[in-house]
Amino acid sequence: ALALAGSPPLVLEAESELGRHQTGRNSGVIHSGLYYRPGSVKARTCVRGRELLERFCDGAGIEYRRCGKLVVATGEAEAARLDGLAETGRRNGLDGLRKLDQAGMRAIEPHVTGRAALLVPQTGVVDYVEVARALARAVEQAGGGVRTAARLRSVRRDGDRLHVVFDGGELHARQLVNCAGLQSDRVARLCGVDPGLRIVPFRGEYQRLSDRAAALVRGLIYPVPDPRFPFLGVHLTRRIDGRVDAGPNALLALSRARYGRYRVNARDAWSTLSYPGFWRMARRWLPTGAGELRRAFSREASAAAIRELVPDVRAEDLRPGSSGTRAQAMTADGSLVDDFRLIE
């Protein structure tokens, strides 16, 4: 996004249409801000962003549903972590969090199983591609612009402004905001900024539930997250269109922008495999990665993970669903960056 001096913003989109990558390839969940470290940029922006998103959708006539979600503990150790999770949510400004026993969780999700659960009322679902298109219309109505097929090529300082070259044109701007997702580290370097990290892409695949199994899920059902690992694990999501997805898994992707399971981009693969931080992370998480790989290639293994939350789901209820790629920021020591890193 480019904010021109004295002008409304001009948004540069590398693809020929909006929402081709992370915006259009996610679960459609409006997150509440439950998991993020209190005081972190993610916690502040998630809670405030959810409020602004709902207000924007109301004004733009975009359907969304604040359905809430259940975070379900399947064992005693997980049940003990629910109180800490609730405290994190409260410190992040969430209201109405309730810890439920088995009877309480079944009143909300009759087919779920577990020792206890946390009800998070603020979570919702929406179609983010529709949101992106409405935002583009809002920019244009304010006198700004959205340029598609405008991949950034170079940025250099020209006095007190930036000279920006992109496919199809060039311009001068006083400010440039990099929000390029999977390409954000590369865009930063084009601007002469070393972000001190690398984006390592992880592919996530969803399984779509059959009509029979989808009827077992009313809203959103999540496991208690492992505090050592940034991925949430297998969860069940009733999307805004009524379909129910399960997943995603988390597998190393050898392409940042191609979504077939076996698609490889040589530049992206080299960027990951030549990065010392990746190998340090891989050694640390080898057992977890093996489990993710098994679920990716075994429908029964996927069903077994889902049955920990909803026991009546069978392997034959699973159909191939959508897939997406997470832009995981990683430092050279193998640490997974768990907050937004803002560099000026």
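Me: Helices (H or I, at least four residues) and strands (E, at least two) are DSSP runs, numbered from the N terminus. In which loop is proline 195 found?

Reply: This is a predicted model, in which residues are numbered from 1 along each chain as its sequence is written, local features need pLDDT of at least 70, side-chain atom pairs count only at pLDDT 80 or more, and totals for chains, interfaces and linings use all residues. Side-chain values use heavy atoms, with hydrogens and water left out. Proline 195 is found in the loop between α5 (184–190) and β14 (198–209).

Me: Is proline 195 buried or exposed?

Reply: Buried means under 20% relative accessible area, exposed over 50%, and partly exposed in between, with a 1.4 Å probe and protein chains only. The relative accessibility of proline 195 is 9%, so the residue counts as buried.

Me: Which residues is proline 195 in contact with, leaving aside neighbours within four places in sequence?

Reply: Contact means heavy atoms within 4.5 Å. With neighbours within four places in sequence set aside, the contacts of proline 195 are Asp185, Ala188, Arg189, Arg341 and Ile343.

Me: What is the distance in space, C-alpha to C-alpha, for proline 195 and threonine 331?

Reply: Proline 195 and threonine 331 are 136 residues apart in sequence. From C-alpha to C-alpha, their distance in space is 9.5 Å.

Me: At what angle do the axes of helix α9 and helix α10 cross?

Reply: Axes are lines fitted to C-alpha atoms, for helices over the stretch in contact, and angles run from 0 to 180 degrees between N-to-C directions. The axes of α9 (residues 286–297) and α10 (residues 299–307) come within 5 Å. Angles under 35 degrees count as roughly parallel, over 145 as roughly antiparallel, 65 to 115 as roughly perpendicular and the rest as oblique. The two helices are therefore roughly perpendicular to each other, with a crossing angle of roughly 115°.

Me: Which residues in α10 are met by Arg294, Arg295 and Phe297 in α9?

Reply: By class, this contact of α9 with α10 has three nonpolar, one polar and three charged residues. Ala, Val, Leu, Ile, Met, Phe, Trp, Tyr, Cys and Pro count as nonpolar, Asp, Glu, Lys and Arg as charged, and the others, Gly among them, as polar. The residues met in α10 are Arg299, Ala301, Ser302 and Ala305.

Me: How do the residues of the contact of α1 with α4 divide, and what number is nonpolar?

Reply: The axes of helix α1 (residues 41–60) and helix α4 (residues 128–141) come within 11 Å and cross at roughly 75°, which means that α1 is roughly perpendicular to α4. Leu53, Phe56, Cys57 and Ala60 in α1 meet Tyr128, Val131, Ala134, Leu135 and Ala138 in α4. No polar and no charged residues appear in this contact, and the nonpolar ones number nine.

Me: Which residues have the most contacts inside the largest nonpolar core?

Reply: A nonpolar core is a set of buried Ala, Val, Leu, Ile, Met, Phe, Trp, Tyr and Cys residues joined through side-chain atoms within 4.5 Å. The largest such core has 24 residues; β5 (69–73), β7 (116–120), α6 (211–214), β17 (244–247) and α10 each supply at least two of them. Those with the most contacts inside this core are Val72, Leu209, Ile221, Leu236 and Val313.

Me: What relative accessible area does valine 244 have?

Reply: Valine 244 has its place in strand β17. Leaving out residues up to four places away in sequence, valine 244 touches Gln207, Arg208, Leu209, Ala214, Val217, Thr237 and Arg238. Valine 244 is buried because its relative accessible area is 1%.

Me: What is omega for the peptide bond that joins glycine 247 and proline 248?

Reply: Most residues other than glycine have a negative phi, and most peptide bonds are trans. Proline 248 is found in the loop between β17 and β18 (251–252). The bond that joins glycine 247 and proline 248 is cis, with an omega of about -5°.

Me: What phi does alanine 149 have?

Reply: Alanine 149 is in the loop between β9 (145–147) and β10 (152–158). The residue is partly exposed, with a relative accessible area of 42%. Although alanine 149 is not a glycine, its phi is positive, at about 55°.
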